[in-house]
Amino acid sequence: MAEDRKVYSIKEDNLGEVNIADEVVTIIAGLAATEVEGVSSMAGNITNELVSKLGRKNLAKGVKVEVLDNCVTVDIALNIAYGYAIPKISAKVQEKVKTAIESMTGLEVNAVNVRIASVDMAGSR
């Protein structure tokens with residue numbers, strides 16, 4: 001299951017260059033999203049679900065990142081906890097993901113597209 005990994009140059013000067021793998025940007029986005037209260041978990045495709053059940057941690061589950069000319073577009077799929085306002089949680093996720101990627105990588109975030117995949121009923125009555 002070897003995937004093509006992309007690497008982006010984020011700095012180049014007389015001291016050398018700094019490259020960052022697209023997987024790093026994806027993990028940053030996923031971690032930032034799950035820190036928002038009301039986000040139950042990341043949603044993923046069936047392959048990611050099977051991989052998770054087999055014990056391999058996949059922090060990039062439910063996140064797709066595209067980088068063009070040091071500008072990032074993020075597509076993120078979430079499971080939201082029951083009882084939370086979807087528009088408010090989505091806006092917080094967009095803000096948190098954008099801030100995390102820009103502050104940690106120096107890349108500019110053009111868009112954070114949020115898709116609510118399901119509502120987690122655990123803990124609801």
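This report describes the fold, the nonpolar core, helix H1 and the first hairpin of a predicted model.

**Overall architecture**

The protein chain contains three helices and six strands. Read from the N terminus, these elements follow the order β-β-α-β-α-β-β-α-β. Of the 125 residues in the protein chain, 34% are buried. The chain exposes about 8200 Å², and carbon and sulfur atoms supply 50% of that area. When contacts between residues at least 6 apart in sequence are considered, 63% of them join residues at least 24 apart.

**The largest nonpolar core**

In soluble globular proteins, nonpolar side chains tend to be buried together. Here, the largest nonpolar core comprises 26 residues. The residues with the most contacts inside this core are Val-72, Val-74, Ile-76, Val-93, Val-97 and Ile-101. The elements that each give two or more residues to the core are tabulated below with their residue ranges.

| Element | Residues |
|---|---|
| Helix H1 | 22-34 |
| Strand S3 | 39-42 |
| Strand S4 | 63-68 |
| Strand S5 | 71-81 |
| Helix H3 | 86-105 |
| Strand S6 | 108-120 |

Ile-101 illustrates how the core is assembled. With its neighbours within four places in sequence left aside, Ile-101 is in contact with Val-25, Ile-28, Ala-29, Val-72, Val-74, Gly-106, Leu-107 and Val-109.

**Helix H1**

Three of the contacts of Ile-101, namely Val-25, Ile-28 and Ala-29, are also among the buried residues of H1. The other buried residues in this helix are Asp-22, Thr-26, Gly-30, Ala-32 and Ala-33. The buried residues of H1 pack against strands S1, S2, S3, S4 and S5 and against helix H3. The length of H1 agrees with expectation, because 13 residues at 1.5 Å a residue should span 18 Å and the end C-alpha atoms are 19 Å apart.

**The S1–S2 hairpin**

Strand S1 covers residues 7-13 and strand S2 covers residues 16-21. A hairpin joins S1 to S2 through two residues, and the two strands pair in the antiparallel sense over six bridges. Within this pairing, Ser-9 has Asn-19 in S2 as its bridge partner.

Ile-10 also lies in strand S1. This residue has 30% relative accessibility and therefore counts as partly exposed. Beyond its neighbours within four places in sequence, Ile-10 is in contact with Val-18, Ile-20, Thr-105 and Leu-107. One of these, Ile-20, is 10 residues from Ile-10 in sequence, with a C-alpha to C-alpha separation of 7.0 Å. Leu-107 is listed among the contacts of Ile-10 and also among those of Ile-101.

How values were computed. Residues are numbered from 1 along each chain as its sequence is written. This is a predicted model: local features need pLDDT of at least 70, side-chain atom pairs count only at pLDDT 80 or more; totals for chains, interfaces and linings use all residues. Side-chain values use heavy atoms; hydrogens and water are left out. A nonpolar core is a set of buried Ala, Val, Leu, Ile, Met, Phe, Trp, Tyr and Cys residues joined through side-chain atoms within 4.5 Å. Buried means under 20% relative accessible area, exposed over 50%, partly exposed in between (1.4 Å probe, protein chains only). Helices (H or I, at least four residues) and strands (E, at least two) are DSSP runs, numbered from the N terminus. Contact means heavy atoms within 4.5 Å. Accessible areas come from the Shrake-Rupley method with a 1.4 Å probe; for residues, only the protein chains shown count as cover. The expected span of a helix is 1.5 Å times one less than its number of residues. Two strands pair if DSSP finds at least two bridges between them.
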